[in-house]
Amino acid sequence: MIPVKRATSPTVVEMQVIPVAGRDSMLLNLCGAHAPYFTRILVLLKDSAGNTGMGEVPGSNGILLALQKLVPLVTGTEIARHHQTLNRLRASLSGPSHRVTSSQEAAVMTQPHEINLRLENVVTAVEAALLDLLGQHLGLPLCELLGAGQQRSHVPVLAYLFYIGDRGRTDLPYDDDAGREGWYRLRNQEALTPEAIGEQAAAAVERYGFRDFKLKGGVMRAEEEIAAVAEIKRRFPQARVTLDPNAAWSLAEAIAACRGQGHLLAYAEDPCGPEKGYSGREIMAEFKRATGIRTATNMVATDWRQMGHAHLLGAVDIPLADPHFWTMHGSVRLAQLCHDWGLTWGSHSNNHFDVSLAMFTHCAAAAPGAITAIDTHWIWQEGRERLTREPLRIEDGQVAVPERPGLGIEPDMERIADAHDLYKRVAGGARDDAMAMRYLVPDWVYDPKRPSLGR
Ligand code: GKR
Ligand code: MG
């Protein structure tokens, strides 16, 4: 018998799990107001060839603890066998020692509407870093290792606009981009009216060249938010604009707000959710039938089982398959399915650093067919935060897919150490948007069915 000769690839010699914090503006949403700092978790893998691979996922104590426990399962593994390693992680995470208890689950679900944070977050941190290493080993951009490989050279991204609270009414240490002009000044100023949102859109376009917009809703009354969308459309008639109230509206409110507004809304993101014993998927399907407006979600089709139900009901046209909770392979697998089934792939985001920007970019680069411009919060961090030497840039409303191998980014260890120090000084557990909101409205409490300010 001829012995099987297998080429070997480098092995992982070190895994670091580093919680980090970054600065943010006082962005408003259904859950309240963003605090001055957000947290993320970085995974750095070193291999026997001397390369470093990176992954970034949401910051939560549950994810951090799980990643720390997995270190022995990752070190010593061969990078080309990353599927085997990830399968071991999955098996271990679903085993008794890692089974998520309800209190851990509560820690993972940092925001009331973040029903999508789950153990796949843990797997993705390692997956991204392993694929980054494998790409470097093979001399290929990471997107060539996903799905059917690279499909585009540039990835369209949208301007993610927010209502902004007056940080002057708090004693919280918000950054103010002191001495800067244009977008960088405006991203720290109160914005509560359609005019202010229109100005924000214009400043974002001037800085980054966007053609697509998303307004985070669930803050003002539905009519006011639609008026803000109209103001964006007035300034940029060719733009594709969407609004995402995170299911704050009842079905009746959502229909009243959106029916006949197809000329303003390219699609509606989570306009409504579960009510009166019907699931969010059933209610979204009713919304679509009543308005004829396409729907996107990061709330009701966040895994394969939910996706199956959503598809049977015809509830969702644009699943926002964020690789941080679908995994990078999973997100691209869904993109392929969308392409074959006539759906449109997109991605959700949360506040993130430049490692996640590269992760989104490679997934979108491997997504076949027409995709919708992907979400990114990066414009709120760009210019004030970075963990890599040269973050990917948003220009002309797109990110050019790096030609360099792997993720195409290089860690900046000094910046990572600073962000970790910041984490140690400021991170007080789970994200809590109610805390900052109470400076604007004393005794404010979250209500998933009422806008946070326009009550
Ligand atoms: O950053 O406030 C925010 C967003 O509301 C975020 O938490 C959401 O997860 O962007 C997300 C969304 O599309 O729902
Ligand atoms: Mg959303």
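A residue counts as buried when its relative accessible area is under 20%. In this predicted model, that criterion describes helix 13 throughout: 13 of its 13 residues are buried, and the helix is thus mostly covered. Helix 13 comprises residues 354-366 and reaches 19 Å from its first C-alpha to its last, close to the 18 Å expected at 1.5 Å a residue.

**Magnesium site**

The magnesium ion (ligand 2) is coordinated at 2.0 to 2.2 Å by Asp244, Glu269 and Asn298, through OD, OE and OD1 respectively. The spacing of these donor residues along the sequence is D-x24-E-x28-N. Glutamate 269 and asparagine 298 are 29 residues apart, and the pair links distant parts of the chain. Glutamate 269 belongs to strand 10 (residues 267-269), whereas asparagine 298 sits in the loop between strand 11 (295-297) and helix 10 (304-313). The burial criterion applies here as well, since both glutamate 269 and asparagine 298 are buried.

**Open sheet**

A further element is an open sheet of three strands in the order 6-14-13, with antiparallel pairing. Strand 6 and strand 13 are the edge strands, each pairing on one side only. Strand 6 and strand 14 run antiparallel and are joined by three bridges. Within this pairing, proline 156 stands opposite glutamine 398 of strand 14.

The strands of the sheet have the following extents.

| Strand | Residues |
|---|---|
| Strand 6 | residues 154-156 |
| Strand 14 | residues 398-400 |
| Strand 13 | residues 394-395 |

Key: Residues numbered from 1 in each chain as written. Chains lettered and ligands numbered in written order. Predicted model: local features only at pLDDT ≥ 70, side-chain atom pairs only at ≥ 80, totals over all residues. Heavy atoms only, no water. Donors = N, O, S within 2.8 Å, 3.2 Å for Na, K, Ca; no water. Helix = DSSP H or I, 4+ residues; strand = E, 2+ residues; numbered from the N terminus. Buried < 20%, exposed > 50% of the residue type's maximum accessible area, 1.4 Å probe, protein only. Pairing = 2+ DSSP bridges. Expected span 1.5 Å × (residues − 1).
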